[in-house]
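The following questions and answers examine how terms for helices and strands are applied to a structure. Each answer sets a value against the rule behind the term.

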Amino acid sequence: MLTDAVKDKIRSAYNQLVQERNLQPRWGQRQMIAEVSKALARDGFSSRPPIAVIEAGTGTGKTIAYTIAAVPVAQARDKRLVISTATVALQEQLIYQDLPDIAKLSGLEFSVALAKGRRRYVCLSRLDQALNNRSAGQTIPLYPDEYDWNTDGDMGVYEACMASLARGDWDGDRDNWPDTIEDRVWFPITSDHAQCTGRRCAYISQCSFFKARDQLADADVIVTNHDLVLSDLSIGGGVVLPAPEDTLYVFDEGHHLAEKAKNHSTAFCHIHSTKQWIIDTVSWLEKAQSVYVEYKLDDLIEKIAKYFHDLMSAVETLEAESVSLRPDSFDGNSQELRFEHGKVPEDLRAASLSCAQLGAKVLGVAERLVIECEDLLDEEGGDTEAVDALLSACQSLTGRLTLTQALWSDFAHSADGEPPPARWLRYNDSGNQLAISCHSSPTLATAFLQDNLWDRAAGVLITSASITALGKFDRFRLHAGTPEDAVYTAVASPFDYQRGRLHIPAHLPEANQAQAHTDAIVEYLPTVFDLARGTLVLFASRRQMREVYEAFKSDLQGTILMQDSQSKKALLEAHKAKIDVGDRSILFGLASFAEGVDLPAEYCEHVIIAKIPFAVPDDPREAALSEWIERGGGNAFREISVPDAGAKLLQACGRLLRTESDQGQISILDTRLLTKHYGRELLASLPPFARITD
């Protein structure tokens, strides 16, 4: 219940912040504060945890709104507040700028901490192994096929890391190391949840990760990212972050949540790397067997090695069955074979079942080894370094095998559930080797999020500038599975959209006439580049982007900064630098430039969108969802494709007006917005820009 005391605290904090910053109170910001505070304080809810989905238009000031509302509610309910973002940029802005500023100016008293995953911190045990050249004999890398393990050139980096830790100059956080460390060098000296031996590790008192985690225990507000939240939830919750039952979550950039949740529920098996991993593991086990005779663990090691030999044969059969299913029409490019309605062919299903059964035997013995090692380490006295290494290796083994086992078990069983999972094989023929991977993914994120978040959290707020599609929350509800009785609110942007002009050139050919449309864009773009010094051109396909660029003369190419030529960050910095010295600059980008790109004022006064951003039709999960919709008598294009395109189009148009004083033009080079019924529906869902007609 939202008490009068909490209401007064929120009202006072907001008024003080507005006064200190000399801000003009915004109606939308006030509306969002009211909606968030009422929802998270359980108003209007019974037994279900409170959930609110709030779309806050650009310029609303949603960070201030949800912080001012959620902090007092969390403190009143004796809960922790976890603020999760999808991008590093927003995470850094929150931790280093927005939250300290709000705490200082609002009068609210709250502490803030940043939460990162284990892989961001050095593992002292593995660093010590690397420096003493013991990794090959005592540790099984989780992914040995992906990383070079302790090449001689890396020793200088490892020695510097250890020396800096010893001096106290470095806290073990990768982001705080003064130089860039390549993934190939960094990952061998880290561990994940499966590999970490926790309190039994000899380095636990010095562990960088656990020191950082201990700091979270006293923080009122924890800032992190969607992936870490979902990872923590997938292993039960409360492992890295506070338990869901004790947490109020704010998912900023929340429109990414459902897709990321599906990724966390996806199972896969790269057959070639799995075979190589089995070979490496068996080799390690056979060499290690004699080392553990004195601990009476050699019999279990011998048994697990035997089961691994049998598993290798089963994986080879799985590979052979996958090869036999490859269509003759597939060429050397990466191509996918999706199984209709999630039904795996019988011979492949049987091969997967065999792998799953043998994998279960391996896991059974590995788990016994883990228990034996833990018991030995819990005993006082004796040299336990070798046992500690075996425990870490076995946990690494069970961690990776559990992930792969999930795919085998999934393929071995019928496609239950509505909608059924998406299942497919991916083939990549490089000429030297045919690489095959097996994949299974939930078609929607409903089950994962309901089991781990909606039914468990003390409260959840999902917010973003672009959650709705075609003016409705139906698309988000479908993909994320939020309950019908959650709070759904759209808070309007304070911007005057009439400062933005919208133009759809009516003379262009329809965008589904691929070559004619590309040729027309090549002819049209030079006529409008002079409208602004800063222009952003968004393409729906890399192929069209490159064809347009290559058709221009070299002098025009010189004004264009194109995605793939540099990193996104470098391109944006180069674009701003050209504008700052008075030059013209044109950015060519794909979907990643249609959101999260903040180019205010003269940096972007013209946004050109090549075509309606319909999803690629051959994505296995999208295809499986469409198939399910059609099987139920629905229209997948109307129910899935059009709303998805509407959400993406809204994001793209959102690149123009970033502040209240911005102005400029949006040109959409797709006449289907004028000629098709769905096009007019998409057009009607955009903000009320001033229209330019031919």
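Q: In this predicted model, which strands form an open sheet, and in what order?
A: The open sheet consists of 4 strands in the order E6-E9-E8-E7, and their pairing is antiparallel.

Q: What makes E6 and E7 the edge strands?
A: Strand E6 (267-270) and strand E7 (335-338) each pair on one side only, and they are the edge strands. On average, neighbouring strands of this sheet are turned by 20 degrees against each other, direction ignored.

Q: How do you know that strand E8 and strand E9 pair?
A: Two strands count as paired if at least two bridges are found between them. Strand E8 (residues 422-429) and strand E9 (residues 434-441) have 8 bridges, in the antiparallel sense, so the rule is met. As one example, Leu 425 has Cys 438 in E9 as its bridge partner.

Q: Why are H13 and H14 called roughly antiparallel?
A: The axes of helix H13 (residues 298-324) and helix H14 (residues 346-378) cross at roughly 160 degrees and come within 9 Å. Angles over 145 degrees count as roughly antiparallel, and therefore H13 and H14 are described in this way. Their crossing is left-handed.

Q: Which classes of residues make up the contact of H13 with H14?
A: The contact of H13 with H14 has 17 nonpolar, 5 polar and 7 charged residues.

Q: What makes the direction of H12 roughly perpendicular to E6?
A: Helix H12 (residues 271-288) lies across E6 and E9 and runs at about 70 degrees to E6. Angles of 65 to 115 degrees count as roughly perpendicular, so the term applies to H12 and E6.

Key: Residues numbered from 1 in each chain as written. Predicted model: local features only at pLDDT ≥ 70, side-chain atom pairs only at ≥ 80, totals over all residues. Heavy atoms only, no water. Axes fitted to C-alpha atoms, helices over the stretch in contact; angles between N-to-C directions. Helix = DSSP H or I, 4+ residues; strand = E, 2+ residues; numbered from the N terminus. Parallel < 35°, antiparallel > 145°, perpendicular 65-115°, else oblique. Left-handed = near helix turned anticlockwise from the far one by under 90°. Nonpolar A, V, L, I, M, F, W, Y, C, P; charged D, E, K, R; others polar. Contact = heavy atoms within 4.5 Å.
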